[in-house]
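Here are two short exercises to work through with the model open beside you. Try each task before you read its solution.

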Amino acid sequence: MLRGALPLRLLPLLAMLIATSGQAAGGYDQGTPAGKGDLDLDFTLNPMDRVKNGQSYVVWGYGLTDRLDFHGYASHEAGGTDQIYYGLMVNFYRNAWLDLSTAFGLRHRSGRTHRLFPQLLYTVRLPQQFDLIGSFTRVTDTKDGPVGRTTIDLALRIPLPEAWRPRLAKEWKLDLGAFRNTGGQWNPTYSVDFKF
């Protein structure tokens, strides 16, 4: 449970996140499912919409089975646009160092609905509990037919100190990476991942 001393322990991490939130601009996805009955949550904060191209968002993955997740995200862009994505992710390949998944989902943004498919999501497990994660996602407007563009997410997932981990979480890590949007613009990104 979150107790009074925990926020003081998190102060250095929160200060770092607020300092780097000037770069927050994208979302994350990865190829490892949450696991049956488990919940993964990733958070990014752009305080008071301080960064022009930034977003505040939460990404979730809930394990329906060990290989099937209900996943998605909700975000608020600094320009005032809110969006939500939801879909299903299926892990189709897994070994000791690599997870590959695909997903299908719908995104609602600015009064339009976009189809996110096909998607290739990956997690490469590195030594010392580091991971390389990301995705390649085709975004298509449901009214425009087959016309669409591909987004790219990539990040290094860094383990955070166990002594600071909230007791409710089984695991937590910091993601630092980059996101290429459908317009081809690259933005640095970060997020804090929790597994419950």
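**Exercise 1.** Find how much space lies in the largest cavity, and what lines it.

*Solution.* Start with the volume: the largest cavity holds about 110 Å³ of space. A cavity here is a set of points, on a 1 Å grid over the protein atoms alone, where a 1.4 Å probe fits but cannot get out, and lining residues have an atom within 4 Å of a point. Next, look at the 13 lining residues; closest to the centre are Asp29, Gln30, Asp40, Trp60 and Gly61. Strand E1 (39-44), E2 and strand E3 (68-77) each give two or more residues to this lining; strands are DSSP runs of at least two residues, numbered from the N terminus. Finally, sort the lining: five residues are nonpolar, four polar and four charged.

A word on the source: this is a predicted model, where local features need pLDDT of at least 70, side-chain atom pairs count only at pLDDT 80 or more, and totals for chains, interfaces and linings use all residues. Residues are numbered from 1 along each chain as its sequence is written, and side-chain values use heavy atoms, with hydrogens and water left out.

**Exercise 2.** Place Tyr62 and Leu64, and decide whether each is buried, partly exposed or exposed.

*Solution.* First, Tyr62 sits in strand E2 (residues 55-63), while Leu64 is in the loop between E2 and E3. Then apply the cut-offs: buried is under 20% relative accessible area, exposed over 50%, and partly exposed in between (1.4 Å probe, protein chains only). Tyr62 is partly exposed because its relative accessibility is 34%. Leu64 has 38%, so Leu64 is partly exposed. As a last step, check the C-alpha atoms of Leu64 and Leu88: they are 9.5 Å apart, with the residues 24 apart along the chain.

Terms used
Helices (H or I, at least four residues) and strands (E, at least two) are DSSP runs, numbered from the N terminus. On a 1 Å grid over the protein atoms alone, a cavity is a set of points where a 1.4 Å probe fits but cannot get out, and a pocket is an open set with protein on both sides within 12 Å along at least five of seven lines; lining residues have an atom within 4 Å of a point. Grid points are joined across faces, edges and corners, and a volume is the space filled by probe spheres set on the points. Ala, Val, Leu, Ile, Met, Phe, Trp, Tyr, Cys and Pro count as nonpolar, Asp, Glu, Lys and Arg as charged, and the others, Gly among them, as polar.
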